[in-house]
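Here is a short briefing to read alongside the model on your screen. Take a moment to find your way around, and then we can walk through it together.

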Amino acid sequence: KISNILMDSRVKEWFSEQWDSVKCENAIIYGGEIRRPDRVMIKGERAVVVDYKFGEDKLTAHRKQINEYMQLLRQMGYTQVEGYVWYLTLGEIIRID
C-alpha cells in the first residue's frame with residue numbers, strides 16, 4: 001500500500017524541492033497551547049499541512065486536528081491553505097476541507 005501511495009502526485013509534490021520552507025514537527029504556540037503538525041510546506045501564500053497516522057482507525061479527531069492546524073495557518077496570513085491526513089497503514093490520503 002505504501003509503495004502505491006508514494007506514486008501519488010500529491011506525495012511527489014510534498015517531497016519535491018519546490019517549497020520555500022518545509023517544517024516537520026515544529027511547534028506552533030497559540031493561546032498558551034502548543035500544536036505540532038507533522039509536516040507543513042510553504043510557498044508564497046500557500047501552506048499545506050499533512051499529518052501522518054498509523055493504525056487502521058480513521059477518527060473524527062484526526063479531521064478536527066487538521067482543521068485546527070489549517071485555521072492557525074490562516075491566522076498566520078496564508079491565504080491558500082490545504083490540509084491532509086495520510087493514513088500510512090491504510091495507504092490512503094484524505095483531504096480535509
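Let's begin with one residue: S21 sits in strand β1, which covers residues 21-24. Please keep in mind that this is a predicted model. From S21 we can move out to the overall fold and then into the nonpolar cores.

**S21 and its surroundings**
- S21 has a relative accessibility of 22%. Buried means under 20% and exposed means over 50%, so this residue counts as partly exposed.
- Which residues does S21 touch beyond its neighbours within four places in sequence? The contacts are V40, M41 and I42.
- For a sense of distance, try A61: S21 and A61 are 40 residues apart in sequence, and their C-alpha atoms are 27 Å apart in space.

**Overall fold**
- The protein is built with 3 helices and 7 strands, and their order along the sequence is α-α-β-β-β-β-β-α-β-β.
- Its radius of gyration is 13 Å, close to the 13 Å from the globule rule for 97 residues, so the protein is as compact as a globular protein of that length.
- Along the principal axes, the C-alpha trace spans about 35 × 30 × 20 Å.
- Among contacts with a separation of 6 or more, 54% join residues that are 24 or more positions apart.

**Surface and charge**
- Of the 97 residues, 38% are buried.
- The protein exposes about 5900 Å², and carbon and sulfur atoms supply 49% of that area.
- There are 15 positive and 15 negative charges, and the mean positions of the two sets are 1 Å apart.

**Nonpolar cores**
- As background, nonpolar side chains in soluble globular proteins tend to be buried together.
- The largest nonpolar core here has 14 residues, and V49, I66, M70, L73 and Y78 are the ones that touch the most other members.
- Four elements each supply at least two residues of this core: β4 (39-43), β5 (46-53), α3 (60-75) and β6 (80-87).
- Which element gives the largest share? That is α3, with 4 residues.
- L73 is a good residue to click on: leaving aside neighbours within four places in sequence, L73 is in contact with V40, A47, V49, Y78 and V81.
- Another core, of 11 residues, lies apart from the largest one, and its members include I5, M41, V48 and Y84.
- This brings us back to the start, since M41 is also one of the contacts of S21. In a similar way, V40 is in contact with S21 and with L73.

How values were computed: Residues are numbered from 1 along each chain as its sequence is written. This is a predicted model: local features need pLDDT of at least 70, side-chain atom pairs count only at pLDDT 80 or more; totals for chains, interfaces and linings use all residues. Side-chain values use heavy atoms; hydrogens and water are left out. The radius of gyration is taken over C-alpha atoms; the globule rule is 2.2 Å times the number of residues to the power 0.38. Buried means under 20% relative accessible area, exposed over 50%, partly exposed in between (1.4 Å probe, protein chains only). Contact means heavy atoms within 4.5 Å. Accessible areas come from the Shrake-Rupley method with a 1.4 Å probe; for residues, only the protein chains shown count as cover. Lys and Arg count as positive and Asp and Glu as negative; His and the chain ends are not counted. The place of a charge is taken as NZ of Lys, CZ of Arg, CG of Asp or CD of Glu. A nonpolar core is a set of buried Ala, Val, Leu, Ile, Met, Phe, Trp, Tyr and Cys residues joined through side-chain atoms within 4.5 Å.
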